[in-house]
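I am opening this notebook to record what I looked up about how the parts of this assembly touch one another. The entries begin with the protein chains and end with the DNA.

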Protein chains: 2
Amino acid sequence: MSRAKSDTKARAQAVARELFLRQGVRRTSLQDIADRLGITKPALYYHFSSREELVRSIVQPLIEDGDAFIAEAEARADDDPRVLLEGYFDFQFAHREVVALMIRELVALADLGLVAKVLDWRTRLAVLLVGEDPPLADATRATVALGGLSDCVMVFADQPVEAVRAAAVAAALDALGR
Amino acid sequence: MSRAKSDTKARAQAVARELFLRQGVRRTSLQDIADRLGITKPALYYHFSSREELVRSIVQPLIEDGDAFIAEAEARADDDPRVLLEGYFDFQFAHREVVALMIRELVALADLGLVAKVLDWRTRLAVLLVGEDPPLADATRATVALGGLSDCVMVFADQPVEAVRAAAVAAALDALGR
DNA sequence: GTCTATATGCTGATAGAC
DNA sequence: GTCTATCAGCATATAGAC
């Protein structure tokens, strides 16, 4: 009875996830998804009451798991940072497709070669920091240092520049293990 | 003669930057920009041959400065990581508005509360890592650790999970100064 | 569950007057 | 430099038959 339920719904979500990831959420129309499924747009509306509901259905699991992870971590606020970081990593890894979807949403600017540029810069900066073809350990150090530095510029935009710069660079250097 | 040139063009770019930042590039139409300027759409086409050219004109300075920065850094490949990191920070800070524009492009998903969620999680994780209202030095350490960890999940998606996790967590812990 | 047909609105873009 | 008028295209969404 409950077997072989609405197969189309699941297929639609899978196709949507793929298209969202490849070409961005906003520039993926219901038409694109319907075409890929070999059905028509109105058929999609049988499974999802709106476009937004379709998007939400894909993102929902990440949100729920995230809330659960944080709640658990806060409940046992005693454990060491390592456990916390590992858990956060695992959580993100489990949802890496949707996380990637978030990041690739920058695809809107990728047309301008911006994202490619920034990734290229980071790659070359990483070479300067840890050399060509570094062992994974050093490569991740460079990524943490550069990625973390970027985040600080945005996160602490309201703080005094010099103080942020000094603190951020210090943390990045620690991440590099220098 | 060259004074008081095309004021409208500069105003259009300023308005566009603001709207792009507030509501994302894709969902900002020429109509929105024209309305804000108190002119009509066709008037915009006098200053920009296409929508894409308008977007590009805003992003171009970042790209040019970035290329220049990398070229210089590579030319003097001798200096220590600290100088490099500081330079990279300064470069990003000078263009923080456009950098923010890139990041806020995630606004497409912000409607779903996703970005707010992730920022909220990070804030709360930072509390667990470095406590409530930490000094700026610790706050940045947490940001580098969490931001860098996130980046690693994506950047090394093709590498063995366990190895990436170990390396990324190690670098994050160093960034934390623990 | 899926279809055809259609409503309605907004998009980027152009033609041509002033 | 800015306007009015207009285009074709595509979007989300709905009505109703099968």
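Entry 1, the protein contact. Before counting anything I fixed the cut-off, taking contact to mean heavy atoms within 4.5 Å. I also note at the outset that this is a predicted model. With that cut-off, I find that 83 residues of chain A and 83 residues of chain B take part in the contact.

Entry 2, the area. I next looked up how much surface the two chains bury between them, and the value is about 8,100 Å², of which 78% lies on carbon and sulfur atoms. On the side of chain B, I looked for the leading contributors and found Leu85(B), Phe89(B) and Trp121(B), which together supply 9% of the area that chain B buries against chain A, more than any other three residues.

Entry 3, charged and polar pairs. I counted 10 salt bridges between chain B and chain A, and the one I wrote down joins the side chains of Arg124(B) and Glu74(A), with an N to O distance of 2.9 Å. For polar contacts across this interface, I have 14 residue pairs in which both residues are at pLDDT 80 or more.

Entry 4, which elements of chain B face chain A. I asked which elements give two or more residues to this side, and the list holds helix 4 (51-75), helix 5 (81-94), helix 6 (96-104), helix 7 (107-110), helix 8 (114-130), helix 9 (136-155) and helix 10 (161-176) of chain B. Helix 9 of chain B gives the largest share, 17 residues. Sorted by type, the residues on the side of chain B that touches chain A come to 53 nonpolar, 9 polar and 21 charged.

Entry 5, the DNA. Around DNA strand C I find 17 residues, and those that come nearest are Thr40(A), Tyr46(A), His47(A), Tyr45(B) and Arg51(B). Which part of the strand, sugar or phosphate on one hand or bases on the other, holds the atoms within 4 Å of the protein? Sugar or phosphate accounts for 62% of these atoms, and bases for the rest.

Entry 6, phosphate oxygens of DNA strand C. I noted a distance of 3.0 Å from a phosphate oxygen to a side-chain N or O atom of Tyr46(A), and likewise 3.0 Å for the side chain of Ser29(B). For Arg51(B), a backbone N or O atom lies 2.9 Å from a phosphate oxygen. Two or more residues of the surface near the strand come from each of helix 3 (41-47) of chain A, helix 2 (30-37) of chain B and helix 3 (41-47) of chain B, and helix 3 of chain A gives the largest share, 4 residues. I record this surface as 7 nonpolar, 8 polar and 2 charged residues.

Methods:
Residues are numbered from 1 along each chain as its sequence is written. Chains are lettered from A and ligands numbered from 1 in the order in which they are written. This is a predicted model: local features need pLDDT of at least 70, side-chain atom pairs count only at pLDDT 80 or more; totals for chains, interfaces and linings use all residues. Side-chain values use heavy atoms; hydrogens and water are left out. Buried area is the accessible area (1.4 Å probe) that two parts lose on being put together, summed over both. A salt bridge is a side-chain nitrogen of Lys or Arg within 4 Å of a carboxyl oxygen of Asp or Glu. A polar contact is a pair of N or O atoms within 3.5 Å; within protein, one must be able to donate a hydrogen and the other to accept it, and residues adjacent in sequence count only if both atoms are side-chain atoms. Ala, Val, Leu, Ile, Met, Phe, Trp, Tyr, Cys and Pro count as nonpolar, Asp, Glu, Lys and Arg as charged, and the others, Gly among them, as polar. A residue is near a molecule or strand if one of its heavy atoms lies within 4 Å of it.
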